Amino acid sequence: MIDLCQLTIHQLHELLCKEQVTATEVTRAYLDRIEAIDSKLHAYLGVFSEQALKEAREFDRHRRKLSISSIAGTPIAVKDVICTKGIRTTCGSQILGNYIPPYDSTSIE
């Protein structure tokens with residue numbers, strides 16, 4: 001069995017294009033990995049598992065054109081300094097501890 005978390009984004013994209021894995025499987029693998037090791041690393045301020053899985057299932061359901069982007073269908077982590085609509089974005093600061101942006105930054109769009 002392939003350890004999806006050890007593949008490059010290009011390798012993941014190729015597997016998705018060949019329909020050898022689903023976006024849901026890839027997302028689940030990453031969420032499992034985060035759950036297994038983040039208590040030691042503290043790399044994530046927030047993990048939005050339900051939203052990630054919902055979007056992965058939606059992607060799989062519609063099999064959107066994978067040629068749209070080389071990261072289409074793959075999970076990504078977004079640094080807490082990039083505004084994401086409706087998701088608390090603190091920049092790691094107590095001053096912004098409750099800030100929830102009303103818009104997505106250009107890089108998120």
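**Exercise 1. Burial and surface**

Determine what share of the 109 residues in this predicted model is buried, and how much area the protein exposes.

Solution.
Step 1. A residue counts as buried under 20% relative accessible area. With that cut-off, buried residues make up 28% of the 109 residues.
Step 2. The exposed area of the protein is about 7900 Å².
Step 3. Carbon and sulfur atoms supply 54% of that area.

**Exercise 2. Overall layout**

State which secondary structure elements the protein has, in what pattern they follow along the sequence, and what box the C-alpha atoms fill.

Solution.
Step 1. The count is three helices and zero strands.
Step 2. Along the sequence this reads α-α-α.
Step 3. Taken along the principal axes, the C-alpha atoms fill a box of roughly 45 × 30 × 20 Å.
Step 4. For contacts between residues at least 6 apart in sequence, 44% join residues at least 24 apart.

**Exercise 3. Packing of α2 and α3**

Classify the relative direction of helices α2 and α3 from the angle at which they pack, give the hand of their crossing, and describe the contact by residue class.

Solution.
Step 1. Helix α2 spans residues 23-41 and helix α3 spans residues 49-62. Their axes are 8 Å apart, and the packing angle is about 160°.
Step 2. Angles over 145 degrees count as roughly antiparallel. The two helices, α2 and α3, are therefore roughly antiparallel to each other.
Step 3. The crossing of α2 and α3 is right-handed.
Step 4. On the α2 side, the contact is made by A23, T24, T27, R28 and L31. On the α3 side, S49, A52, L53, A56, R57, F59 and D60 take part.
Step 5. Sorted by class, the contact of α2 with α3 has six nonpolar, three polar and three charged residues.

**Exercise 4. Positive phi at E19 and C91**

Locate E19 and C91, give the phi of E19 and of C91, and decide whether E19 is buried or exposed.

Solution.
Step 1. Most residues other than glycine have a negative phi.
Step 2. E19 is not a glycine, yet has a positive phi of about 55°. The residue E19 is found in the loop between α1 (9-17) and α2.
Step 3. The relative accessible area of E19 is 59%. The cut-off for exposed is over 50%, so E19 is exposed.
Step 4. C91, also not a glycine, has a positive phi of about 55°. C91 lies in the segment after α3.
Step 5. With a relative accessible area of 40%, C91 is partly exposed.

Terms used. Residues numbered from 1 in each chain as written. Predicted model: local features only at pLDDT ≥ 70, side-chain atom pairs only at ≥ 80, totals over all residues. Heavy atoms only, no water. Axes fitted to C-alpha atoms, helices over the stretch in contact; angles between N-to-C directions. Helix = DSSP H or I, 4+ residues; strand = E, 2+ residues; numbered from the N terminus. Parallel < 35°, antiparallel > 145°, perpendicular 65-115°, else oblique. Left-handed = near helix turned anticlockwise from the far one by under 90°. Contact = heavy atoms within 4.5 Å. Nonpolar A, V, L, I, M, F, W, Y, C, P; charged D, E, K, R; others polar. Buried < 20%, exposed > 50% of the residue type's maximum accessible area, 1.4 Å probe, protein only. Areas by Shrake-Rupley, 256 points an atom, 1.4 Å probe, with all protein chains shown as cover.
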